[in-house]
Amino acid sequence: MNPYSPALSAIRTSLFSGHRLLRSLGVRPPARTMVLNYHSVRPSQLFFNSTSTETFERHLEWLAAHCEVVDFSDALAPASTKPKVAIAFDDGFLDNLEYAVPLLKKYGLKATFFISTGFLQRDPVILDIFARTFQATAEDFMDAVALRELFAAGMSVGAHTHSHRNLLDLSGLEQKEELGRSKAILEDLLGCPIQSVAYPFGVPGKAFDHPTIQIAETTGYTIGGMVCWRAVRPREELLRIPRFTIVNENLAELEAIVAGALDPIGWYQDWRFSMRQTYPQKKSQALTFALLGQQWLAELANQKIIFVI
């Protein structure tokens, strides 16, 4: 999901405005759990999904001061008085080690790095795809030595398949190969079990489905990350943990995201996935908006909104 497409940017702007209005009226949300998902962190020559080192440090400073930062594996633990936030990275860019890890350590924080192992092995086909997509070269990604250094620095590592292909473009056997191969490579390299996975592209119904989840479970994964812009619910399915894409948001936007300003986008993603699984042949807009309306009301009923007088 491109957070800066014109349509989505307009929706984001409206939801941020609504959040500011609610805050001005003294409304504050309950403590929540969020997973913030980054890709690349670098000071210059940014890719389209890069966060500048300056912005990333501001994010970490705010998170360390206002949130409880936990490991991705603890995302289902209930939040207390402060928001609970897990930090994740996808793909395996070398700048994660060069810039993100030193900043994380500076603020005493950890993150989980989901690695596409084709980059580690310098697979020419996979590198060619990313060269065309990101204008990135092999030198822009971690190799085995760099990943071991990142792991030794106390960071967590998960799998992001081998070739970073959309799993829904593959057969069941190919999905199992992608998920199993990356897990085996990482376990051999790091000498520890790899139990977490993040689905490439991540959007439910577009990048994975229920059969994919079943394949991930039988492959040995116990927790999985998707791209869904909302908080983690207390009874979340372990292999469908929502993660929020973060790129260059300012601090006011980051605070609003953690507080839930953009959760309606995630509710829509959930219901679109549900509709595609339940009604695979139907694409009625009327049905879509009916389901979304039901989800919106259900979510609002579950929110324990507090008015500060």
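**Exercise 1. Describe the surroundings of Glu 236.**

Solution. Begin with the backbone: the side chain of Glu 236 has a polar atom 2.8 Å from the backbone nitrogen of Arg 233. The model is predicted; local features need pLDDT of at least 70 and side-chain atom pairs count only at pLDDT 80 or more, while totals for chains, interfaces and linings use all residues. Residues are numbered from 1 along each chain as its sequence is written, and side-chain values use heavy atoms, with hydrogens and water left out.

Next, take the side chains: Glu 236 and Arg 230 are joined by a polar contact of 2.8 Å. A polar contact is a pair of N or O atoms within 3.5 Å; within protein, one must be able to donate a hydrogen and the other to accept it, and residues adjacent in sequence count only if both atoms are side-chain atoms.

Then locate the residue. Glu 236 sits in the loop between strand S10 (223-227) and strand S11 (241-245). Helices (H or I, at least four residues) and strands (E, at least two) are DSSP runs, numbered from the N terminus.

Its relative accessibility is 9%, so Glu 236 counts as buried. Buried means under 20% relative accessible area, exposed over 50%, and partly exposed in between (1.4 Å probe, protein chains only).

Finally, list the contacts (heavy atoms within 4.5 Å). With residues up to four places away in sequence not counted, Glu 236 touches Leu 76, Arg 230, Ala 231, Ile 241 and Pro 242.

**Exercise 2. Find which residues of helix H5 are buried and what they pack against.**

Solution. H5 covers residues 124-134, and its buried residues are Ile 126, Leu 127, Phe 130 and Phe 134. Viewed down the axis of H5, these fall within an arc of 95°, so they line one face of the helix. The arc is that of the directions from the helix axis to the C-beta atoms. Exposed on the other side of H5 are Pro 124, Val 125 and Arg 132.

The buried residues of H5 pack against strand S6 (84-91) and helix H4 (117-120).

Now look at the ends. Asp 123 caps the N-terminal end of H5, with a side-chain oxygen 3.0 Å from the backbone nitrogen of Val 125. Gln 135, just after H5, has a positive phi of about 55°.

**Exercise 3. Carry out the corresponding analysis for helix H8.**

Solution. Thr 212, Ile 213, Ile 215, Ala 216 and Thr 219 are the buried residues of H8. Down the axis of H8 they fall within an arc of 160°, so they line one face of the helix. Gln 214, Glu 217 and Thr 218 are exposed on the other side of H8. The packing partner of the buried residues of H8 is helix H7 (172-190). After H8 comes Gly 220, with a positive phi near 115°.

**Exercise 4. Determine how the axes of helix H1 and helix H9 cross.**

Solution. The axes of H1 (residues 6-24) and H9 (residues 251-259) come within 10 Å and cross at roughly 80°. That makes H1 roughly perpendicular to H9. Angles under 35 degrees count as roughly parallel, over 145 as roughly antiparallel, 65 to 115 as roughly perpendicular and the rest as oblique. Axes are lines fitted to C-alpha atoms, for helices over the stretch in contact, and angles run from 0 to 180 degrees between N-to-C directions.

The residues that meet are Phe 16, His 19 and Arg 23 in H1 and Glu 253, Glu 255, Ala 256, Ile 257 and Ala 259 in H9.

**Exercise 5. Place Phe 201 and state its contacts.**

Solution. Phe 201 lies in the loop between strand S9 (196-198) and helix H8 (210-219). At 47% relative accessibility, Phe 201 counts as partly exposed. Leaving aside neighbours within four places in sequence, Phe 201 contacts His 164, Arg 165, Asn 166, Ala 207 and Val 227. Phe 201 and Met 226 are 25 residues apart in sequence, and their C-alpha atoms are 8.1 Å apart.

**Exercise 6. Describe the settings of Gln 45 and Asp 91.**

Solution. Gln 45 is not a glycine, yet its phi is positive, about 50°. Gln 45 is in the loop between strand S3 (40-42) and strand S4 (50-52), and it is exposed, with a relative accessible area of 68%.

Asp 91 also has a positive phi, near 95°. Asp 91 belongs to strand S6 and, at 2% relative accessibility, counts as buried.
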